[in-house]
Amino acid sequence: MPLARSLSVTSLSGLEEWDEEFDLEDAVLFEIAWEVANKVGGIYTVIQTKARLTAEEWGENYFLVGPYVESNVRTQVELIEPPTPILRRTIDKMNSRGCKIYFGRWLIEGSPYVILIDVGFTAWSLDTWKSELWDISGIGVPWFDREANDAVLFGFLTAWLLGEVRELQLDDGTPHIVAHFHEWLAGLGLVLCRQRQLPVATIFTTHATLLGRYLCAGNVDFYNKLSEFNVDKEAGDRQIYHRYCIERAAAHCAHVFSTVSKITAIEAEHLLKRKPDIITPNGLNVKKFSAMHEFQNLHAQSKNRIQEFVRGHFYGHLDFNLDKCLFLFIAGRYEFSNKGADLFLESLARLNYLLRVSHSDLTVIAFFIMPARTNNFNVETLKGQAVRKQLCVFKYMLGQLPDVSKMLDKEDFTIMKRAIFATQRQCQPPICTHNMLEDASDPILNSVRRIGLFNSSSDRVKIIFHPEFLSSTSPLLPMDYEDFVRGCHLGVFPSYYEPWGYTPAECTVMGIPSISTNLSGFGCFMEEHIADPSAYGIYILDRRFRGVDESCNQLTSFLFQFCKQSRRQRIIQRNRTERLSDLLDWRYLGRYYISARHMALAKAFPDIYQYELNEPTSTSGFRYPRPASVPPSPALSRHSSPHHSEAEDNDEDESYDEDLEAEKDRVNIRQPFVVDEQP
């Protein structure tokens, strides 16, 4: 049965661009990752957002495999009986031999089937399996590394599961298996499948190399010295040699090896010693609005909610105009240097100086959303929100009642006066919203102390460190992350190590401009596909060929120029940013995963499947041209007369029609798509 597909990159319409001649009933897909129904990091987002598209493609032949975590299963998974006799017999057989395997539907878009393995229940086999691993590969796992122990248990159980399924399938003459493993935690299962010579087509995707993450955190000139590292010594010095060996073995054993970006492909070639066969960029499920600029309304609504929080946080020191306030943020895993928080803080100090010497009336509030160890909310922060709510109640009452003296008694006036007096504050507004367990050694707080940004009245840049992921149930800032992002003006992610970068991608699909770097997968992807990224609100910071001070100056320049934009210019830019969302949609990027699976089938079963080499093996394809509409430049937005109109102040200049300018850009984007000549 030949497998033939061809790709024509002439639009962003999605899967219909494939020439389909493959009956999906002839194969079954197992996708294996530690973050299936188990949120730990970015891989959870990859699998969770991609599930709908993959389920549409594979239907009932798609199964996700992950660890059983009871707290997650209660809220995310509906346990059901396996739909096929083969899976029922496999799970029953394994459970009868001392395992605990659960089957269900993951309650996300696409409702994919999930097979969840309780690794703790089979911990009695750990020593035996470690000995077997040593015998077959020479990889020794120390007893104290719990994460690696979990990887051993998960790997052996996964290989056992696939072996049982394949054995039963061979008896019935049913489909071939494609097994896609994500990251080193799942990689051992792939190694065991190949060692046991299971007839399974295997794919291994690394979203970030272990050694790369550790090296970058150690402040080395990583990318310019990639070819010089003694990888065995570096991994051994960091006590991750066993993990590194598992990751490297998985990369070499896989039929198809993929990474999420070109920058990670270069890294993998030097550190894992195998060049990836294909790049599989990370996408998102993009939701389009029926009204063209509905996302602008959502921005305004979310911004108002952030303003209410700021009103409470700065009570007693709210000497700045919230309508002339920009909200910037950085978010993600708390890796101070890798995520670029160090560079961001230094740039904020320089931005503060520039805004002060230029006598700007603008205030910048920078949020740091990075989880750290805390024991509770900061008392001053909670007090501020309580005072704000009290004053809001009285403001509402005064606005609704015709005769306050008749409706409020003496006690009510006393309470109101106490609330007003409570707004008086002797100390500065807090930097951190929580009580930190390691305050004295915290990198962000120590940097704030060094640069001297303490939220004083004279500072034009304020800092709020929220060391916890956002939630709509929080008593402090009751907003989900998506709503918070929509309410901000700019996401700042000057990462030194960022294999992909979901945070700027999420900003883009919500129409929020962002700053990333040419060391992030996202930044490189956008540079490759957009002729002038900054015109679309995608600012790319050079951190590869510049020193730290030069990069910091460039970031400060980006921030200062953004602060100079008028509200109308920011609206134009948000429109352009949102137009890039099709580029990041799984409907478009999912084709690279499709190509990886077909490549694996052709390599594993060459007598049955054929792979067309003209399928995309990199992310090249087309480039967005410079926008044809009015650019968001201060130079081209000056008032036409000395006495400008009130409409200009309200950003309602009649010379600018948003719908018309958007259509100009769309027509311009449709015309120059260029098919990449390379395979």
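User: What handedness does the β-α-β unit made by β15, helix α18 and β16 have?
Analyst: Happy to start there, keeping in mind that this is a predicted model. Strand β15 covers residues 490–492 and runs parallel to β16, with 2 bridges joining them. Helix α18 spans residues 502–509, and together with β15 and β16 it makes a β-α-β unit that is right-handed.

User: Which residue in β16 does V492 stand opposite?
Analyst: In strand β16 (residues 514–517), S514 and S516 point one way while I515 and T517 point the other way, and all are buried. The partner of V492 comes from the second of these pairs of side chains: V492 stands opposite I515.

User: How many bridges join β16 to strand β17?
Analyst: Strand β17 takes in residues 538–541 and runs parallel to β16. One facing pair puts S516 opposite I540 in β17. The chain gets from β16 to β17 through helix α19 (residues 521–529), in a right-handed β-α-β crossover. The bridges joining β16 to β17 number 4.

User: Which strands are the edge strands of the open sheet?
Analyst: The sheet has 9 strands in the order β3-β4-β5-β2-β1-β6-β7-β8-β9, with mixed pairing. An edge strand pairs on one side only, and that applies to β3 (77–79) and β9 (278–279).

User: About what angle does the direction of helix α22 make with that of β7?
Analyst: Two helices that pack on the sheet can be set side by side here. Helix α6 (residues 183–195) touches β1, β6 and β7, and its direction makes about 155° with that of β7. Helix α22 (residues 586–604) touches β1, β6, β7, β8 and β9. For α22 and β7, the angle is about 140°.

User: In what sense do β7 and β8 pair?
Analyst: The two strands are joined over 4 bridges. T206 stands opposite T259 in β8. The sense of the pairing is parallel.

User: How many aromatic pairs does the count come to?
Analyst: Rings pair here if their centres lie within 6.5 Å. By that rule, the count of aromatic pairs is 30.

User: Is the aromatic pair of F103 and Y113 stacked or tilted?
Analyst: The ring centres are 5.2 Å apart, with 40° between the planes. Stacked needs planes under 30 degrees apart and edge-to-face needs over 60, so the angle falls in the remaining class. F103 lies in strand β4 and Y113 in strand β5, so the pair ties together parts that are 10 residues apart in sequence. Both residues are buried, and their pair counts as tilted.

User: How many residues apart in sequence are the parts that F204 and F257 tie together?
Analyst: This pair is stacked, at 6.1 Å centre to centre and 15° between the planes. F204 is buried, and so is F257. Since F204 lies in strand β7 and F257 in strand β8, the distance in sequence between the parts they tie together is 53 residues.

User: Which residues does I306 touch, not counting residues up to four places away in sequence?
Analyst: I306 belongs to helix α11 (residues 294–313), and at 0% relative accessibility it counts as buried. F327, F367 and F484 appear among its contacts, and these three also belong to one aromatic cluster with F309, F329, Y481 and F493. In full, I306 touches F327, F367, M479, F484, G487 and C488.

User: Does E482 count as buried or partly exposed?
Analyst: E482 lies in helix α17 (residues 481–487). Its C-alpha atom is 9.2 Å from that of L470, 12 residues apart along the chain. The relative accessibility of E482 is 44%, and because buried means under 20% and exposed over 50%, E482 counts as partly exposed.

User: Where does A37 lie?
Analyst: A37 has a positive phi of about 50° although it is not a glycine. E183 has a positive phi too, of about 70°, and lies in helix α6. A37 is buried at 3% relative accessibility, and its place is the loop between β1 and α1.

User: How far from the centre of the ring of Y593 is the charged end of K50?
Analyst: The charged end of K50 sits over that ring. A charge has to be within 6 Å of the ring centre to count this way. For K50 and Y593, the distance is 4.7 Å.

Definitions and conventions
Residues numbered from 1 in each chain as written. Predicted model: local features only at pLDDT ≥ 70, side-chain atom pairs only at ≥ 80, totals over all residues. Heavy atoms only, no water. Buried < 20%, exposed > 50% of the residue type's maximum accessible area, 1.4 Å probe, protein only. Phe/Tyr/Trp six-rings, centres within 6.5 Å; stacked < 30°, edge-to-face > 60°. Lys NZ or Arg CZ within 6 Å of the ring centre and 35° of its normal. Pairing = 2+ DSSP bridges. Contact = heavy atoms within 4.5 Å. Axes fitted to C-alpha atoms, helices over the stretch in contact; angles between N-to-C directions. Right-handed = clockwise from strand over helix to strand, strands pointing away.
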